[in-house]
Amino acid sequence: MSRYTIPNQKSASLFNQAKNLIPGGVNSPVRAFKNVDGDPFFTQRAQGSQLFDVDNNQYTDYIGTWGPAILGHAPDPVISAIYEAAKQGTSFGTPTENEVLLAEKVIDWVPSVEKVRMVSSGTEATMSAIRLARGYTGRNKIIKFDGCYHGHVDSLLVAAGSGALTHGEPDSAGIPASFAAETIILPYNDPEALEEAFSKFGDQIAAIIVESIPANAGLVFPKEGYLESLRSITKKHGALLIFDEVMTGFRLAKGGVQERFNIDPDLTAMGKVIGGGLPVGAFGGKAEIMDHLAPLGSVYQAGTLSGNPVAMAAGLAQLNEMERINGYEILEQRGTQLASGVRRIFADLDLDWSINQIGSMFCLYFTNEEIVNVDSVSKANPELFTKFFWSMLNKGIYTAPSLYETGFISTAHSVEDIDRTLDAMESSLKSIL
Ligand code: KE4
């Protein structure tokens, strides 16, 4: 049974065709809309805050291709930068000026980054940062947090049993238990668990990797002093602190969460926004650590399309445009407008639910639980969430197709877009309750 009340024939036939050719019909699982028990639409084109699907439905887009579209879709400066760069050739496998220019910009914007290496995805960025941390410290164990997602890196696709310190169990088939054994999973926002891990394994721990603000299990805020405690305990035990800012970087501030919260990580994984919609990831940090990378040092890392000149041009144009239009101020305003509107609606409908919002990132929780980690997020009502998602989509508003995914606002979202979205939210909630 189709969940669509709007035309969906072309998407439906494309999806049937895709499923015979591509596993699940998608090139990335979250696109399959499995978490909302329906089939995905196929996008034809996009402009600004609007997506248009192959059946000519129009949606106000709050996914922004999962983060990269911070200026909205097809912003002129980015499109013309891609066009101009592509006319010179698309890839050379030699150094190019564009790599120097984007590296300079990243180092200028991100406080802790003294040197940076470009890769082609967020996964490559976190995978490389982990390897560098192990190579630099000579230690094997990595701490990650239950509910944090760092891309499909073998040793990080590991989810805890719930509760305190555990050795991770693989979260995916195909990952040897020996890989997972080197990954320690802790509950997020739990200082005691952190202390326990370091008292047991302190001198074996190469690094903590953490989503600077966890946004793959809903949007979870660090408790007061928690990020600072990660910084101090790693310093004390000679482990590195790796901030995964693939999602938050260049979005929550020019310098990401580390600028906003004044934390100084050793390494930072980046991606999404700095590719302007093209495949770019990056990892960077203290020069003394980064210089352990080949060809200078003993930690090998490479990539045919790393620093691709067209992708570099797109990323550079995107960052320059954010600076030119004072984009971070716009995002703060739109985010506040949405969050206060949602809170008013919840209050008017006498719902004790919540929304977490910081800058242009937000997540609604259909539960009255205080949201402190992935367990509290799991208490949200999945049936209501699914009904809400489809009610909104059929009204032309595309929100996160999973209660574990965060929504994104772009500088292209107008005040009117947000007002219209709030009206749709109010009528959707009334219709599903
Ligand atoms: P990619 O390899 O997908 O470029 O980046 C992996 C990654 C790393 N770190 C964080 C904090 C991330 O959020 C991601 C990827 N985010 C997901 C959305 N939750 C990408 C969407 C998808 O998997 O298709």
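Here are three exercises with worked solutions on a predicted model of a protein with a ligand.

Residues are numbered from 1 along each chain as its sequence is written, and side-chain values use heavy atoms, with hydrogens and water left out. Because this is a predicted model, local features need pLDDT of at least 70 and side-chain atom pairs count only at pLDDT 80 or more, while totals for chains, interfaces and linings use all residues.

**Exercise 1. The domains**

Find how the chain is divided and how many residues of each domain are in contact with the other.

Solution. Start with the bounds, which come from an automatic or database domain assignment. They give domain 1 (9-74 + 325-432) and domain 2 (76-324). Next, take the centres over C-alpha atoms: 25 Å separate them. Finally, count contacts (heavy atoms within 4.5 Å): 34 residues of domain 1 touch 34 residues of domain 2.

**Exercise 2. The ligand shell**

Work out how many residues surround the ligand, and which polar side-chain atoms lie by its nitrogen atoms.

Solution. First collect the residues with a heavy atom within 4 Å of the ligand. There are 16, and the closest are S28, T123, N216, D244 and E405. Then sort them by class: 5 are nonpolar, 7 polar and 4 charged. Here Ala, Val, Leu, Ile, Met, Phe, Trp, Tyr, Cys and Pro count as nonpolar, Asp, Glu, Lys and Arg as charged, and the others, Gly among them, as polar. Each of domain 1 and domain 2 supplies at least three residues of this shell.

Now look at N or O atom pairs within 3.5 Å. A polar side-chain atom of N216 is 2.4 Å from a ligand nitrogen, and one of D244 is 2.8 Å from a ligand nitrogen. On the oxygen side, a side-chain N or O atom of S28 lies 2.6 Å from a ligand oxygen. As for cover, the ligand on its own has 540 Å² of accessible area (Shrake-Rupley method, 1.4 Å probe), of which the protein covers 86%.

**Exercise 3. A four-stranded sheet**

Trace the order of the open sheet and the partners of T60.

Solution. Strands are DSSP E runs of at least two residues, numbered from the N terminus, and two strands pair if DSSP finds at least two bridges between them. The order is 1-2-3-16, with mixed pairing; strand 1 (43-47) and strand 16 (397-398) are the edges.

Step inward to strand 2 (residues 50-53), which runs antiparallel to strand 3 with 3 bridges. The two form a hairpin with 4 residues between them, and N56 in the turn has a positive phi of about 65°. Strand 3 (residues 58-61) then runs parallel to strand 16, joined by 2 bridges. T60 is the bridge partner of Q50 and stands opposite I397 of strand 16, while D61 faces Y398.

Notes. Polar contact = N/O pair within 3.5 Å; in protein donor to acceptor, adjacent residues only side chain to side chain.
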